[in-house]
Amino acid sequence: RDSQVKQNLLEDKSFINYKQNLEYVDIVRQRLGRPLTYAEKILYGHLEDPHGQEIERGVSYLKLNPDRVACQDATAQMAILQFMSAGLPEVAKPVTVHCDHLIQAQVGGEKDLARACDLNKEVYDFLATATAKYNMGFWKPGSGIIHQIVLENYAFPGALLIGTDSHTPNAGGLGQLAIGVGGADAVDVMSNLAWELKAPKILGVKLTGRMSGWTSPKDIILKLAGITTVKGGTGKIVEYFGDGVDTFSATGMGTICNMGAEIGATTSVFPFNKSMVEYLNATNRHQVAEFAQLYKKDLLSADEGAEYDEVIEIDLNKLEPYVNGPFTPDLATPISKLKEVAVEKNWPLEVKVGLIGSCTNSSYEDMSRSASIIKDAAAHGLKAKSLFTVTPGSEQIRATIARDGQLDTFTEFGGIVLANACGPCIGQWDRRDIKKGEKNTIVSSYNRNFTSRNDGNPETHSFVASPELVTAFAIAGDLRFNPMTDKLKGKDGKEFLLQPPTGEGLPSGGYDPGENTYQAPPKDRNQVEVKVSPTSDRLQLLSAFKPWDGKDPQNMPILIKSLGKTTTDHISMAGPWLKYRGHLENISNNYMIGAINAENKKANCVKNHYTGEYSGVPETARAYRDQGIKWVVIGGENFGEGSSREHAALEPRYLGGFAIITRSFARIHETNLKKQGLLPLTFHEPAAYDKINPEDTVDIIGLSEFAPGKPLTLRIHSSSGTWETPLDHTFNKEQIEWFKAGSALNKLAAAKK
Ligand code: SF4
């Protein structure tokens, strides 16, 4: 148990710290005098100060020391630009950067990749040189999706990883606590500062029994999303346990953890088990697997009698496949009811496109099971009725399924194999089969289906399901199709029932790594030059935000009072805007353009408080800022749910915003706002949201005595008079310093001087 074991095969100096993790866990267990859950063990094993740290689930802020950081290309640009502005010579922890978000799906894998390399050359060159300069690993475009690469190469049981992407929890499938954060958090860890997280509550999900037939791991999380809704996991880690957890593959567990992001969970995790050993061995990490076995009982599983804050039980014997959507991932409909519900709700019944793959569902097992259904249909002379796309999660998956024949099965069926990248999952899709504005249905094995996410068309009804079910829909071309009960007509006119999917969990011939797409940092990093052109419209070096002026702001206009769901996609849209993720000025032109104005129910149409004219949200914000006027946004529940995108926080700060006042926040967005020096505040009385008129102006009172747990006051000046309402906040002492300094980074830079 004392040996030095490397975290992975790509880095010589990153070691697994089980011994120290266990020492810390023992200290905390003794202090708390109670058994610990598995998630707690990972967290407390990575504390900065196990002796002194206050620990109360749901209350204390933990100061943590993560093992590593992963960034995707869209978020890495701003994270690295921020890291550069802190003036340090190299990153303090192992960091990898993955080029996956900027590749648009158009005609298919190779051509789309070549086009992306051309279009994004400046950004890729910046990331390749900056990672080399500051000692980070770089995964080139075409290598695959961040979470798949992490699972294949870097994840290990008991590790604590942060990643600048909301589906980072995918690595929970290998028993790792992997948490999605904003770029500013990543910068903290890169700079060797402790990373802070409010001690999550633990939601236990007990799995019993065993799945069979058409049911797959995806259905567990689709069902759970229906139970908890999109905010049921907020502030919680989902920890799976029960005899059911040992009945399926590590990649299946990855799918479940991945989509835990859709219920707002901090992360999700499975305890170390045999399937993880098999996956580690299959990906050539025998040493990691052996080492983990030595710590299985003490460190890599929950203590007997561990207590969860709540427990949900799912009986896998009774679980049926689910289809979730449209427009939200928690609208869960079991396949047996889908026909009835789809007709009743008037959802478009023709399935225009079936999309499988993505970081959520592109394992060898997913691909094999989907291919088995296609083979069955093909044996009856059938091809895809819907358009059908396949996104391999990594070059390793693509190469392996190319070798083993599944890829040919997909293309013979009529499928298009897209690049190993995010593509349509993040709106990088040059969709041509329908016109914008046309009502239609698509079904994907992805994780997220908010309005407009996949193709920018608000009329697209996007559903998420297992890849097996998506494939069946693509064969039938109809949302009413239930492959468990409905027959298809073969070419010979005879009716038949599709056979339930089958497929190997891991390739019996081993994985084929495919093309080598990894760039390790060079030995001599002094010679590397990082270029950012001052005339670039893709990249812009950052200037520091101004510190707080010490005054309570008065008479601030409300830029927008947003109505209904305001996700990070509404706040800072993806799709075509992804290309400006490294250029704050340009990307700020998308601020809140997807949010609905409560005053006129329109998107991107707000009234300038001073001129009375209507224009776009970013234009109005700029007009206020240029006249030195601070402004606020008023929002509803779970404001900022969705992704970890810190642009959704950088943009309002850059455009002169002062506070975002809502009924409640999604965790990552709230922290991101704090990091950028903004005030995320919540109405103590939720009804105040309804009382506020978009034409009112507001004061925030109490900032000179701003303190943890002490409410502030919102004074509202409306045409009918002035009234006040209390505002809550979750700032701790250090975060209040960020606000005062103008941003967390300002505080960090000041500390280095
Ligand atoms: Fe990419 Fe979609 Fe996965 Fe995000 S959820 S990493 S956009 S594939």
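A residue is taken as buried when its relative accessible area is under 20%. By that criterion, 8 of the 8 residues of helix H2 (residues 38-45) are buried in this predicted model, so H2 is largely enclosed by the rest of the structure. The buried set in H2 consists of Tyr-38, Ala-39, Glu-40, Lys-41, Ile-42, Leu-43, Tyr-44 and Gly-45.

Helix H9 (residues 250-258) gives a similarly clear picture: 9 of its 9 residues are buried, so this helix too is largely enclosed by the rest of the structure. The residues concerned are Ala-250, Thr-251, Gly-252, Met-253, Gly-254, Thr-255, Ile-256, Cys-257 and Asn-258. As for what surrounds them, the buried residues of H9 pack against four helices and two strands, namely helix H6 (146-154), helix H8 (217-228), H10, helix H13 (364-379), E9 and strand E10 (267-269).

Several of these neighbours lead directly to one of the sheets. Strands E10, E9, E8 and E11, in that order, make up an open sheet of 4 strands with parallel pairing. E10 and E11 form its edges, each pairing on one side only. From one strand to the next, the twist averages 20°. Within this sheet, E9 and E10 run parallel and are joined by 3 bridges, and Ile-237 has Thr-267 in E10 as its bridge partner. Helix H8 packs on the sheet, where it touches strand E8 (201-208), E9 and E11, and its direction makes about 135° with that of E11.

Helix H10 (residues 274-282), another neighbour of H9, also packs with helix H11 (residues 286-294), at an angle of about 155° and with the two axes 7 Å apart. Angles over 145 degrees count as roughly antiparallel, and H10 and H11 are therefore roughly antiparallel to each other. On the H10 side, the contact is made by Val-277, Leu-280 and Asn-281, which meet His-286, Val-288, Ala-289 and Gln-293 in H11. Sorted by class, the contact of H10 with H11 has 4 nonpolar and 3 polar residues, and no charged ones.

A second open sheet has 6 strands, ordered E6-E5-E2-E3-E4-E21, and its pairing is mixed. Strand E6 (177-180) and strand E21 (518-519) stand at the edges with a single partner strand each, so one side of each has no neighbour in the sheet. Further in, strand E3 (residues 95-98) and strand E4 (residues 137-139) pair in the parallel sense over 3 bridges, with Thr-96 standing opposite Gly-137 in E4.

Helix H3 (residues 73-85) contains Ala-76, which is buried with a relative accessible area of 0%. What does Ala-76 contact, leaving aside its neighbours within four places in sequence? Its contacts are Cys-71, Val-97 and Leu-127. Ala-76 and Ile-314, by comparison, lie 238 residues apart in sequence and 37 Å apart in space, C-alpha to C-alpha.

Charged side chains complete the picture, with 36 salt bridges in the structure. One of them pairs Glu-11 with Arg-68, their closest N and O atoms being 2.8 Å apart. This pair links distant parts of the chain, 57 residues apart: Glu-11 belongs to the segment before helix H1 (18-32), and Arg-68 to strand E2 (residues 68-72). Buried or exposed, then, are these two partners? Glu-11 is buried, at a relative accessible area of 12%, and so is Arg-68, at 1%.

A further salt bridge brings together the side chains of Lys-236 and Glu-310 (2.9 Å, N to O). Because Lys-236 lies in strand E9 (residues 236-241) and Glu-310 in strand E11 (residues 310-315), the pair ties together parts that are 74 residues apart in sequence. Here Lys-236 is buried, with a relative accessible area of 15%, whereas Glu-310 is partly exposed, at 34%. Salt bridges with shared partners also join Asp-26, Arg-29, Lys-41 and Asp-303 into one network; Lys-41 is one of the buried residues of H2.

The salt bridge between Asp-12 and Lys-6 has its closest N and O atoms 3.5 Å apart. Asp-12 counts as exposed, at 58% relative accessibility, and Lys-6 as partly exposed, at 35%.

Key: Residues numbered from 1 in each chain as written. Predicted model: local features only at pLDDT ≥ 70, side-chain atom pairs only at ≥ 80, totals over all residues. Heavy atoms only, no water. Salt bridge = Lys/Arg side-chain N within 4 Å of Asp/Glu carboxyl O. Buried < 20%, exposed > 50% of the residue type's maximum accessible area, 1.4 Å probe, protein only. Pairing = 2+ DSSP bridges. Axes fitted to C-alpha atoms, helices over the stretch in contact; angles between N-to-C directions. Parallel < 35°, antiparallel > 145°, perpendicular 65-115°, else oblique. Contact = heavy atoms within 4.5 Å. Nonpolar A, V, L, I, M, F, W, Y, C, P; charged D, E, K, R; others polar.
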